[in-house]
Amino acid sequence: VANVYTRSGTGSLADKSGYEGFLFSKEWVLIVETPHVPKMAISAKIENGFLKFSWPVMDKPYFISYELHLTNTSNYHAYSSRTEDPSQSSFIDSSFVGGDIYAQLYTYYENEFGNQTMNMTSFSYHYPLGPLYFEEDFDSLTISWDRIPFQHTTYYRFHYGEAIPIEADTSYREKGLGLGSPRRYGVGFMPVKGRGDYDIFFTQEHHSMGVSHGIEHENIVFNPSLKAYFLKDQRYIHKLDEAFKQTGSYENSYDSYSATALDFSGDNQRVVSVIHQRLVQLGTTGLNELDAKPIPLEEDNARIRMVKNLNDEICLVGYDSYFVLFNTNTSSLVDQSEMLKGYGVKSFYYFLTSGDGRYAAFCSTGGLMVFEIIDFKELVLRYEDSAFYYNGIFDPHNPGHLILNAKENVLLFNCASMSVERELTGLTALNANPVNFDPMTHYLLLASFNQKKIFVYDYDQDELKLELPHHETTFEFRLMNNYIITDSGYHFDITSYVD
């Protein structure tokens, strides 16, 4: 309490002599407060296309400053803001366009001892970027995504290429790649106040035309009697049903030298394959191992490209140097062909056998060799030339007919007369490699590397049924049961296009 005395101002003798006056009294309430920080909770909201952080005002005399630290995991940036104005209790982040951001607010103040101290509170914010959506036809691919509420510039990136700005809000269209292994597509968002490419926040997904069944392979065979697909790769043989669901599996240690060797016994009770230069037989139901015999070839670690089960006892095996007849009962070679043309590693599609097991052929850029298998005991060379061939394929409906993809045209070679019967002009016009016949429809699949096209051809009617793009090498595809199947583990149903 404070008391103040003043003159009365009446002009009286008492006033003048100081015996008269007024008394003023003033009372204050003094509150003694220990410095502390109120509960500081951070909140965030989107405002005008930006992310705004807010927190309570600390309007105290012992306040020193706010310091906000942000870690934006979407673009791996860390940045901070500091202010000594207690009323500035918010921050607008113009660099956030989605993903996760972590905030730490440090409130500095002076404690009761006059020393600077601080209080810290944390907060995280998540704005998910939705998935990419793909719609593809034979000519184009449309990529779409969910709209985001932040101010940004949109970027597009194909696979691991350069990010390019695009004028697009929720979709972008480009040329379709067609069939083949999946490629990575990315749509990115750069904040309007971004500082460079590293500010772009991408949502990315792999996509390929068709449906993924999730199993890569180097060879695939569809068995019509078993209504099942059998896939062989360097580490396994898998069995899939007609819906591409796995129903059997056989695992082996890594073997890249015989990853395409696959066939069946005559009664379809056994899968016949080669793994680590052993002829392995598996039950077709669950792919359990039934038998395994070493193949005594002249070379160790021979690159065995094909195997053909001729009967319950004899198998034809083709590798880089020879065709051989192998007796599975005695684990011995019955016969060996003349050395095959060419040097070094030979591709699996050079080795050909007729459906009835009577003929074996080897065709390459160095020429053609056709062998007749006599009584499952002899490999007799019946024809040889030095012409240029890209590849060949036997017609399963006409076992003696060999289709040869020569340098200038496609030829029909008749094994009965051991001569070229005629040119297949319809196939020559396509300028593509014959790959395989569909065992169900007898349609022929052809693929061109230079044109990046796949053709489905009705061989019996001499009619092109379907043409579509691809982005792989020629022999990455097979046509089976009206599906085009890729080595990368995708399948594409052509039924509606060819019926």
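Begin by selecting Arg 157 and Phe 202 in this predicted model: the charged end of Arg 157 sits over the ring of Phe 202, at 4.3 Å from the ring centre. A second arrangement of this kind can be brought up by selecting Lys 407 together with Phe 388, where Lys 407 lies over the face of the ring, 5.1 Å from its centre.

Now zoom out to the whole chain. Its C-alpha atoms fill a box of roughly 155 × 45 × 40 Å along the principal axes, and the radius of gyration is 40 Å, whereas a compact globule of 499 residues would have a value near 23 Å. A cartoon representation should show three helices and 44 strands. If you colour by accessibility, 49% of the 499 residues count as buried; a contact map, restricted to pairs at least 6 apart in sequence, has 49% of its contacts joining residues at least 24 apart.

Next, select Phe 53 and Ile 101, the residues with the most contacts inside the largest nonpolar core, which has 34 residues. To see where this core comes from, highlight β4 (50–54), β5 (63–72), β8 (99–110), β11 (140–144) and β15 (183–191), each of which supplies at least two of its residues. Keeping Ile 101 at the centre of the view, and leaving aside its neighbours within four places in sequence, you will find it in contact with Leu 51, Phe 53, Leu 70, Thr 71, Asn 72, Tyr 79, Asp 93, Phe 96, Phe 123, Ser 124 and Tyr 125. A second, separate core of 17 residues can be located through Ala 447, Phe 477, Ile 484 and Phe 492, which are among its members.

Move on to Ser 273, in strand β23 (residues 270–275). Is Ser 273 buried or exposed? Ser 273 counts as buried because its relative accessibility is 0%, and the cut-off for that class is under 20%. A polar atom of the Ser 273 side chain lies 2.8 Å from the backbone oxygen of Ala 261. Beyond residues up to four places away in sequence, Ser 273 touches Lys 232, Ile 237, Ala 261, Leu 262, Arg 278, Leu 279, Val 280 and Val 307.

For comparison, select Ser 332, which is found in strand β29 and, at 28% relative accessibility, counts as partly exposed. The side chain of Ser 332 makes a polar contact of 2.6 Å with the side chain of Thr 330. Not counting residues up to four places away in sequence, Ser 332 touches Pro 296, Leu 325, Phe 326 and Asn 327. A distance label drawn between the C-alpha atoms of Ser 332 and Leu 297, which are 35 residues apart along the chain, should read 9.3 Å.

The last stop concerns the aromatic residues, which form 29 pairs in the structure. Select Tyr 349 and Phe 475: their ring centres are 3.8 Å apart and their planes meet at 15°, so the pair is stacked. This pair links distant parts of the chain, 126 residues apart, with Tyr 349 in the loop between β29 (332–336) and β30 (351–353) and Phe 475 in the loop between β41 (463–469) and β42 (477–480). Tyr 349 is partly exposed, at a relative accessible area of 22%, while Phe 475 counts as buried at 11%. Finally, extend the selection to Phe 323, Phe 348, Tyr 350, Phe 351, Phe 362 and Phe 371, which form one aromatic cluster together with Tyr 349 and Phe 475.

Note on methods. Residues are numbered from 1 along each chain as its sequence is written. This is a predicted model: local features need pLDDT of at least 70, side-chain atom pairs count only at pLDDT 80 or more; totals for chains, interfaces and linings use all residues. Side-chain values use heavy atoms; hydrogens and water are left out. A nonpolar core is a set of buried Ala, Val, Leu, Ile, Met, Phe, Trp, Tyr and Cys residues joined through side-chain atoms within 4.5 Å. Buried means under 20% relative accessible area, exposed over 50%, partly exposed in between (1.4 Å probe, protein chains only). Helices (H or I, at least four residues) and strands (E, at least two) are DSSP runs, numbered from the N terminus. Contact means heavy atoms within 4.5 Å. A polar contact is a pair of N or O atoms within 3.5 Å; within protein, one must be able to donate a hydrogen and the other to accept it, and residues adjacent in sequence count only if both atoms are side-chain atoms. Rings of Phe, Tyr and Trp (its six-membered ring) pair if their centres lie within 6.5 Å; planes under 30 degrees apart count as stacked, over 60 as edge-to-face and the rest as tilted. A charge sits over a ring if NZ of Lys or CZ of Arg is within 6 Å of the ring centre and within 35 degrees of the ring normal. The radius of gyration is taken over C-alpha atoms; the globule rule is 2.2 Å times the number of residues to the power 0.38.
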